[in-house]
Amino acid sequence: MSVKQKTEALDTIIEILEYENSLTQEKLEQIVGEVADGFIPVYYADVVAAWQAMGCPEPDFEGLGGSGVFDLITVALYEVVRAFLEDMVEGLPVDEVLSALKVERKEFGITEGYNKLAEAILA
C-alpha cells in the first residue's frame, strides 16, 4: 500500500472508532473488515489504479475458481487493506486501539509530507 492509501485507511478507521462507545474485540474485527470493504473503489479504472498503487498484489486464489480479473483484483485489494489494519491493531488491548492508531496516523502524516516534498523537488 502507498503511504496515501495507508493514511486514508487509518483516517477511516479512526473516524469510526471515535464514535464507537463500547468497543469489543469482535466489534473491532468487524470494523476492520468494513473499512477494508469500503476501501474498494466502485469503478473499474479506479480499482486498477488502486491495485497498481499497491504494487499489483495477487489475491489468495483459494475458492476464487472462475472469477473474472476485476474480481481477483478486488479480492487482492481487500486482503491487503485488511492485513494492514489487522497488523495495526494486533496485540493491542481494545481500550488502547484508538490512541495507538492516532499515533500511527501521525507517523504516516509525517512520511506523507516528506513524500510530497520529494515529489516537488523532483518535479
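**Exercise 1. Is Asp11 buried, partly exposed or exposed, and what is its relative accessible area?**

*Solution.* The structure is a predicted model. Step 1: the relative accessible area of Asp11 is 34%. Step 2: buried requires a value under 20% and exposed a value over 50%. Step 3: Asp11 is therefore partly exposed.

**Exercise 2. Describe the secondary structure of the protein and the extent of burial.**

*Solution.* Step 1: the protein has five helices and zero strands. Step 2: read from the N terminus, the order of elements is α-α-α-α-α. Step 3: 28% of the 123 residues count as buried. Step 4: the exposed area is about 7800 Å², of which carbon and sulfur atoms supply 53%. Step 5: among contacts with a separation of 6 or more, 67% are between residues 24 or more positions apart.

**Exercise 3. Determine which helices supply the largest nonpolar core, and examine the surroundings of Ile13.**

*Solution.* Step 1: the largest nonpolar core comprises 26 residues, and Ile13, Leu17, Leu77, Phe84, Leu85 and Leu101 have the most contacts inside it. Step 2: at least two residues of this core come from each of α1 (3-18), α2 (25-38), α3 (44-53), α4 (69-89) and α5 (97-122). Step 3: the helix that gives the most is α4, with seven residues. Step 4: when residues up to four places away in sequence are not counted, Ile13 touches Ile31, Val32, Val35, Leu85 and Leu101. As general background, nonpolar side chains tend to be buried together in soluble globular proteins.

**Exercise 4. Characterise the environment of Gln5.**

*Solution.* Step 1: Gln5 is located in helix α1. Step 2: its relative accessibility is 7%, and since buried means under 20%, Gln5 counts as buried. Step 3: apart from neighbours within four places in sequence, Gln5 is in contact with Phe39, Ala50, Ala53 and Met54. Step 4: for Ala50, the side chain of Gln5 reaches the backbone oxygen at 3.2 Å.

**Exercise 5. Identify the salt bridges and state where the partners of each lie.**

*Solution.* Step 1: the count is three salt bridges. Step 2: one of them joins the side chains of Arg105 and Asp11, at 2.5 Å from N to O. Arg105 belongs to helix α5 and Asp11 to helix α1, so this pair ties together parts that are 94 residues apart in sequence. Arg105 is partly exposed, at 22% relative accessible area.

Step 3: Glu18 and Lys102 form a salt bridge with an N to O distance of 3.2 Å. Glu18 is in helix α1 and Lys102 in helix α5, so parts 84 residues apart in sequence are tied together by the pair. Both partners are partly exposed, Glu18 at 42% and Lys102 at 38%.

Step 4: Glu86 and Arg82 meet in a salt bridge at 2.8 Å, N to O. These two residues are four residues apart in helix α4, and so are separated by about one helical turn. Glu86 is partly exposed at 36%, as is Arg82 at 22%.

**Exercise 6. Classify the aromatic pairing in the structure.**

*Solution.* Step 1: a search of the whole structure finds one aromatic pair. Step 2: Tyr44 and Phe70 are its members, with a centre-to-centre distance of 4.1 Å and 20 degrees between the planes. Step 3: planes under 30 degrees apart count as stacked, so this pair is stacked. Step 4: Tyr44 lies in helix α3 and Phe70 in helix α4, so the pair ties together parts 26 residues apart in sequence. Step 5: Tyr44 is exposed at 55% relative accessibility, whereas Phe70 is partly exposed at 28%.

Methods:
Residues numbered from 1 in each chain as written. Predicted model: local features only at pLDDT ≥ 70, side-chain atom pairs only at ≥ 80, totals over all residues. Heavy atoms only, no water. Core = buried A, V, L, I, M, F, W, Y, C linked by side-chain atoms within 4.5 Å. Buried < 20%, exposed > 50% of the residue type's maximum accessible area, 1.4 Å probe, protein only. Contact = heavy atoms within 4.5 Å. Phe/Tyr/Trp six-rings, centres within 6.5 Å; stacked < 30°, edge-to-face > 60°. Areas by Shrake-Rupley, 256 points an atom, 1.4 Å probe, with all protein chains shown as cover. Polar contact = N/O pair within 3.5 Å; in protein donor to acceptor, adjacent residues only side chain to side chain. Salt bridge = Lys/Arg side-chain N within 4 Å of Asp/Glu carboxyl O.
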